[in-house]
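Work through the exercises below with the model open. Try each task before you read its solution.

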Amino acid sequence: MSETNNNINGVESGERVIEESNGSLNLDGGFVVPGMNAFGLSFRDYEKESERKASVEDFYRTNHINQTYNFAKKKKEEYGKLNRMEMSIWECCELLNEFIDESDPDLDEPQIEHLLQTAEAIRRDYPDEDWLHLTALIHGKVLLHPSFGGEPQWCVVGDTFPLGCAFDPSIVHHQYFEENPDDRNPAYRTRIGIYSDGCGLDNVTMSWGHDEYMYLVMKENKTTLPPEAHFIVRFHSFYAMHRAGAYKYLMNEEIRRCSSGSMCSTNMICIAKAR
């Protein structure tokens, strides 16, 4: 085992990286969000002047006003029945050819291209992790399509965050939570809210979107993908945790090990870098 401060697969310089004897990487600090994606473009720069800046901010205003604890619980119950459609993975991917993610400040390409580029970038960097190639491909946003409900973008895409407790200031465009009804509910305004320290993210209600839906699909269909795939799909948009280390007090030991261990942390970087 050796330590290095070099830039490895998008890991920022100065991050303490432990190189394991089996060739995997263990990031001592947990997740790291790179400054550039796999295609050499700026990554998640919400302050950069662009044609998309105003529309992305407007998206998050709508998202932050409407993503409440009761709304997310209702959507999870509604979609947890998995009674919308039965399709192959590729049929689902093809549905996304007409959609562009309104929350993304970097990319304005159809989501099918996003899926393929992400999977290919990961296959390039991790050719032996075939389960990860598939994980990257299936994280798509089929809830936008009429066959799966035709949901508005604000409850399908964008950063995710816990509900039922205080909104962390690190969440992008945090100021718009002032208009969210939960921000005026005393039960939800405290650091821990309705939860307890170390309760585990499995017991936390996250904002509703494609991450949670695809996790439910995997879980209820008893996918043979490893537990790391479940974690990546469910929390790959949880940037308050990835970028700022927020909400770690909600994690139990099992989740802490996954979020800082070599397999999951390295692959969360890979998913982020490929976006």
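**Exercise 1. Placing Asn-180**

In which loop is Asn-180 found? Give its burial and its partners as well.

*Solution.* Asn-180 is found in the loop between β4 and β5. Helices and strands here are DSSP runs (H or I with at least four residues for helices, E with at least two for strands), numbered from the N terminus. This is a predicted model: local features need pLDDT of at least 70, side-chain atom pairs count only at pLDDT 80 or more, and totals for chains, interfaces and linings use all residues. Residues are numbered from 1 along each chain as its sequence is written, and side-chain values use heavy atoms, with hydrogens and water left out.

Next, burial. Asn-180 counts as buried because its relative accessibility is 0%. The classes are buried under 20% relative accessible area, exposed over 50%, and partly exposed in between, with a 1.4 Å probe and protein chains only.

Now the partners. With neighbours within four places in sequence set aside, Asn-180 is in contact with His-64, Ile-65, Gln-67, Thr-68 and Phe-167. Contact means heavy atoms within 4.5 Å. Thr-68 is 112 residues away from Asn-180 along the chain, yet their C-alpha atoms are separated by 7.1 Å.

**Exercise 2. Linking Gln-67**

Which backbone oxygen does the side chain of Gln-67 reach? Trace the links on both sides of this residue.

*Solution.* Start with position. Gln-67 is found in the loop between α1 (53-66) and α2. Its relative accessible area is 0%, so Gln-67 is buried.

Then take the polar contacts (pairs of N or O atoms within 3.5 Å; within protein, one must be able to donate a hydrogen and the other to accept it, and residues adjacent in sequence count only if both atoms are side-chain atoms). The side chain of Gln-67 reaches the backbone oxygen of Trp-208 at 2.8 Å. The backbone oxygen of Gln-67 lies 2.9 Å from a polar atom of the Asn-180 side chain.

Finish with the wider contacts. Beyond four places in sequence, the contacts of Gln-67 include Trp-154, Cys-155, Phe-161 and Leu-163.

**Exercise 3. Reading the record**

Which residues does the UniProt annotation "binding site" cover? Check where some of them sit.

*Solution.* The unreviewed UniProt entry lists Arg-44, Asp-101, Glu-102, Ser-103, Lys-141, Gly-158, Asp-159, His-236 and Ser-237. Of these, Lys-141 is in the lining of the largest pocket. Such annotations may be inferred rather than shown by experiment; positions use the numbering given here and feature names are shortened.

Go through three of the sites.

- Ser-103 is found in the loop between α3 (89-95) and α4 (111-125). At 4% relative accessibility, this serine is buried.
- Asp-159 lies in the loop between α5 (130-137) and β4 (162-163). Its relative accessibility is 7%, so Asp-159 is buried.
- His-236 lies in the loop between α7 (227-235) and α8 (239-244). His-236 is buried at 6%. Its side chain makes polar contacts with the side chains of His-210 at 3.4 Å and Asp-211 at 3.3 Å.

**Exercise 4. Empty space**

How many cavities of 30 Å³ or more does a search of the whole structure find? Describe the second largest cavity, then the largest pocket.

*Solution.* The search finds five such cavities. On a 1 Å grid over the protein atoms alone, a cavity is a set of points where a 1.4 Å probe fits but cannot get out; a pocket is an open set with protein on both sides within 12 Å along at least five of seven lines; lining residues have an atom within 4 Å of a point.

The second largest cavity has a volume of about 50 Å³. Volume is the space filled by probe spheres set on the points, with grid points joined across faces, edges and corners. Trp-208 is one of its lining residues, and Lys-73, Glu-212 and Arg-234 are among the others. α2 supplies the largest share of this lining, three residues. By class, the cavity lining has four nonpolar, one polar and four charged residues. Ala, Val, Leu, Ile, Met, Phe, Trp, Tyr, Cys and Pro count as nonpolar, Asp, Glu, Lys and Arg as charged, and the others, Gly among them, as polar.

Now the largest pocket. It holds about 600 Å³ of space. Its lining has 26 residues, with Met-87, Cys-92, Met-214, Val-217 and Asn-221 nearest the centre. α6 gives the most, four residues. The pocket lining divides into 18 nonpolar, five polar and three charged residues.
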